[in-house]
Amino acid sequence: MGNRISRLLPLPSSLGRKAIDTVAKSLQQIEQTLGHEGCYLLGQYSQADVMLAAHFHRLEDVCLGAVLNDEQLLPKTARYWARLQERPAYKAAVLDFHDPVMRSALNVVFKDRPTPLLERLGHALA
């Protein structure tokens, strides 16, 4: 479990700020790109959506996923993420293979609290 926890340790502050700012800019671009309700990134469901589902899931893994559900900051992205998670392929490819050891490591590190970087990400998006 040591290697898994090391992936969750805090980044140096300058690197953490840059990473959070990059994530915020990317999420803002996704928000602007998404079309009408029920739409996927390029209109029809495509490989781009598969890739974003993996990236969004990784945000969940590092306890930044709450921003993906924030209807005030990212309303289209929140609805899009919900649609992606509802797809049977997402369950089969991601959720059914979710590593319980990784989840327990997250609980050890974050103790069911959001990462301190979540607040910074929210400010960067606002």
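Which residues in H3 meet which residues in H4? Hi everyone, let's keep that question in mind while we look around.

Some ground rules come before the tour. This is a predicted model, in which local features need pLDDT of at least 70 and side-chain atom pairs count only at pLDDT 80 or more, while totals for chains, interfaces and linings use all residues. Residues are numbered from 1 along each chain as its sequence is written, and side-chain values use heavy atoms, with hydrogens and water left out.

Let's begin with the overall picture. The protein has seven helices and zero strands; helices (H or I, at least four residues) and strands (E, at least two) are DSSP runs, numbered from the N terminus. Read from the N terminus, the order of elements is α-α-α-α-α-α-α. Of its 126 residues, 32% count as buried. Here buried means under 20% relative accessible area, exposed means over 50%, and partly exposed is in between, with a 1.4 Å probe and protein chains only.

How high is the average pLDDT of the protein? The average is 81, and 80% of the residues score at least 70. The pLDDT is the predictor's confidence in each residue, from 0 to 100. Among the elements, helix H1 (residues 2-6) has the lowest mean, 43, and H4 has the highest, 94. Over residues 1-8 the pLDDT is below 50, and this stretch has 16 contacts in the model beyond near neighbours in sequence. A contact means heavy atoms within 4.5 Å. Where pLDDT is low, the predicted coordinates should not be read in detail.

Now for the pair from my opening question. From H3, Asp49, Leu52, Ala53, Phe56, His57 and Glu60 meet Thr77, Tyr80, Trp81, Leu84 and Gln85 of H4. Sorted by class, this contact has six nonpolar, three polar and two charged residues. For that sorting, Ala, Val, Leu, Ile, Met, Phe, Trp, Tyr, Cys and Pro count as nonpolar, Asp, Glu, Lys and Arg as charged, and the others, Gly among them, as polar.

Two packed helices are described by the angle between their axes and the distance between the axes. The axes of H3 (residues 47-61) and H4 (residues 75-86) come within 10 Å and cross at roughly 100 degrees. Axes are lines fitted to C-alpha atoms, for helices over the stretch in contact, and angles run from 0 to 180 degrees between N-to-C directions. The two helices are therefore roughly perpendicular to each other. The cut-offs are under 35 degrees for roughly parallel, over 145 for roughly antiparallel, 65 to 115 for roughly perpendicular, and oblique for the rest.

Let's take each helix in turn. The 15 residues of H3 should span 21 Å at 1.5 Å a residue, and its end C-alpha atoms are 21 Å apart, which agrees. The expected span is 1.5 Å times one less than the number of residues. The buried residues of H3 include Asp49, Phe56 and Asp61.

H4 has twelve residues and reaches 17 Å from its first C-alpha to its last, close to the 16 Å expected. Is Thr77 in H4 buried or exposed? Thr77 is buried, with a relative accessible area of 0%. Leaving aside neighbours within four places in sequence, Thr77 is in contact with Leu27, Ile30, Glu31, Leu34, Phe56 and Leu68. Arg83 is in H4 as well, and at 14% relative accessibility, Arg83 counts as buried. Not counting residues up to four places away in sequence, Arg83 touches Glu37, Gly38, Cys39 and Tyr40.

What about the loop between H3 and H4? Cys63 has its place there. Most residues other than glycine have a negative phi, and most peptide bonds are trans. Cys63, however, is not a glycine and has a positive phi of about 60 degrees. Val67 is also found in the loop between H3 and H4, and counts as buried at 3% relative accessibility. Outside its neighbours within four places in sequence, Val67 is in contact with Leu27, Leu73, Leu74, Leu118, Leu121 and Leu125. The C-alpha atoms of Val67 and Glu119 are separated by 9.2 Å, though these residues are 52 residues apart along the chain.

My last stop is Gln28, in helix H2 (residues 13-33). At 27% relative accessibility, Gln28 counts as partly exposed. Apart from neighbours within four places in sequence, Gln28 is in contact with Ala124 and Leu125. Thanks for listening!
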